[in-house]
Amino acid sequence: MKKLQMVDLRSQYLKIKTEIDKGIQEVIDSCAFINGPAVQNFQKSLEQYLGVKHVIPCANGTDALQVSMMALSLKPGDEVITTSFTFIATAEVIALLKLTPVLVDVDPGTFNIDPEAIRRAITPKTRAIVPVHLFGQAAPMEEIMEIAEKHNLFVIEDNCQAIGSDYFFTDGTSKKAGTIGHIGCTSFFPSKNLGCYGDGGAIFTNDDELAKQMRVVVNHGMTVRYYHDYVGVNSRLDSIQAAVLNVKLALLDEYAAKRRAAADFYDKAFASHPKLNTPERYAKSTHVFHQYTLVTKNTDRKALIEFLTSKEIPAMIYYPVPLHMQKAYLDSRYKPGDFPVTEQLSETVFSLPMHTELDQEQLTYITSNVLDFLNR
Ligand SMILES: *Cc1c(COP(=O)(O)O)cnc(C)c1O
């Protein structure tokens with residue numbers, strides 16, 4: 001059996017090696033390392049794929065979030081509502097810009113931000129909502145956009161984990177996750193669903209003015225060459241990464257189907273097990289399974305993970321510490337117990353290997369070992 005990994009980038013690369021190597025070699029031959037044709041091609045292709053007017057490539061997903069907030073001219077003290085159950089980057093940029101993160105709890109089934117909790121968190125200082133499409137499934141965007149419209153708030157979608165996912169509205173229409181709010185952000189970190197071979201990210205919007213402003217922000221706040229009207233940042237997607245992404249974007253839907261097939265296999269093996277909840281499928285969004293995350297019940301999670309590790313099955317906890325309990329983010333407004341769903345999830349979830357290269361033999365080995373541990 002092939003060695004198990006959370007993400008098997010090497011096996012995936014070997015299948016597309018010819019095209020990837022060719023794309024990278026072309027960039028090197030042209031020496032157009034920054035803003036070369038590969039970047040422009042990728043920007044156009046991603047705009048087309050997402051059905052969005054503007055894609056602004058940048059250096060990583062964290063920058064995408066930061067640039068969005070800078071372009072919206074949010075001011076210190078402005079409140080930004082986000083989920084307590086996410087990767088730290090979401091709250092990090094809010095804190096870096098001296099905005100006030102306002103955390104809210106999540107839905108226990110989908111792990112995504114709870115619209116009812118958003119409603120309760122709104123104050124006169126609220127300026128924006130940052131829903132995170134966690135583990136590959138969109139947050140309840142229709143309700144979130146209704147709340148935002150009613151209170152005149154910006155919505156920045158953290159789509160770092162759900163690129164390619166479709167969101168279905170009540171009227172039957174659909175949009176790609178990340179293109180519903182005012183701004184969407186994504187990451188091309190190697191292990192993400194659309195990953196490059198280093199760091200990369202992008203911002204999406206249908207708003208011409210916001211797009212213009214974000215292009216200024218990512219380029220040192222420069223409006224005319226060497227005239228800086230704003231304090232900006234330097235955040236670019238380099239041409240070599242764009243060359244990799246040009247190959248992989250064409251395969252993104254095929255990759256999502258492979259992830260879904262692995263998730264279906266896990267679902268079947270663990271269906272209605274008394275000690276596990278399989279990931280809930282939210283009816284309004286397709287799931288692209290950035291992670292396959294289970295909730296354990298009446299089980300020693302630590303012992304389970306140790307057992308799996310002894311069988312050379314990697315398993316990870318996303319995320320072991322809720323944002324309000326992270327040392328750097330301790331805040332007198334919050335205390336343990338404030339976000340019961342998040343706190344319960346951080347103590348009970350675990351994620352199994354999830355990628356495009358899992359085969360039947362590996363999946364059978366993983367599921368039978370998990371069941372061996374739970375049934376003994
Ligand atoms: C990966 C990730 C980010 C940050 O992306 P980087 O490219 O690593 O900066 C932000 N938010 C979420 C939810 C992520 O999963």
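Student: Which residues are around the ligand?

Tutor: Happy to start there! This is a predicted model, where local features need pLDDT of at least 70 and side-chain atom pairs count only at pLDDT 80 or more, while totals for chains, interfaces and linings use all residues. Residues are numbered from 1 along each chain as its sequence is written, and side-chain values use heavy atoms, leaving out hydrogens and water. Taking a residue as near when one of its heavy atoms lies within 4 Å, the residues around the ligand are N60, G61, T62, T86, F87, A89, V132, D158, C160, Q161, S187 and K192.

Student: Which residue has a polar side-chain atom 2.8 Å from a nitrogen atom of the ligand?

Tutor: Good one to ask about polar contacts (pairs of N or O atoms within 3.5 Å). An oxygen atom of the ligand is 2.8 Å from a polar backbone atom of G61, and an oxygen atom of the ligand is 2.8 Å from a side-chain N or O atom of Q161. For the nitrogen atom of the ligand, the side-chain partner at 2.8 Å is D158.

Student: How much of the accessible area of the ligand does the protein cover?

Tutor: Areas here come from the Shrake-Rupley method with a 1.4 Å probe. On its own, the ligand has 380 Å² of accessible area. The share covered by the protein is 91%.

Student: How many nonpolar, polar and charged residues does the shell around the ligand have?

Tutor: Ala, Val, Leu, Ile, Met, Phe, Trp, Tyr, Cys and Pro count as nonpolar, Asp, Glu, Lys and Arg as charged, and the others, Gly among them, as polar. By those classes, the shell has four nonpolar, six polar and two charged residues.

Conventions:
A polar contact is a pair of N or O atoms within 3.5 Å; within protein, one must be able to donate a hydrogen and the other to accept it, and residues adjacent in sequence count only if both atoms are side-chain atoms.
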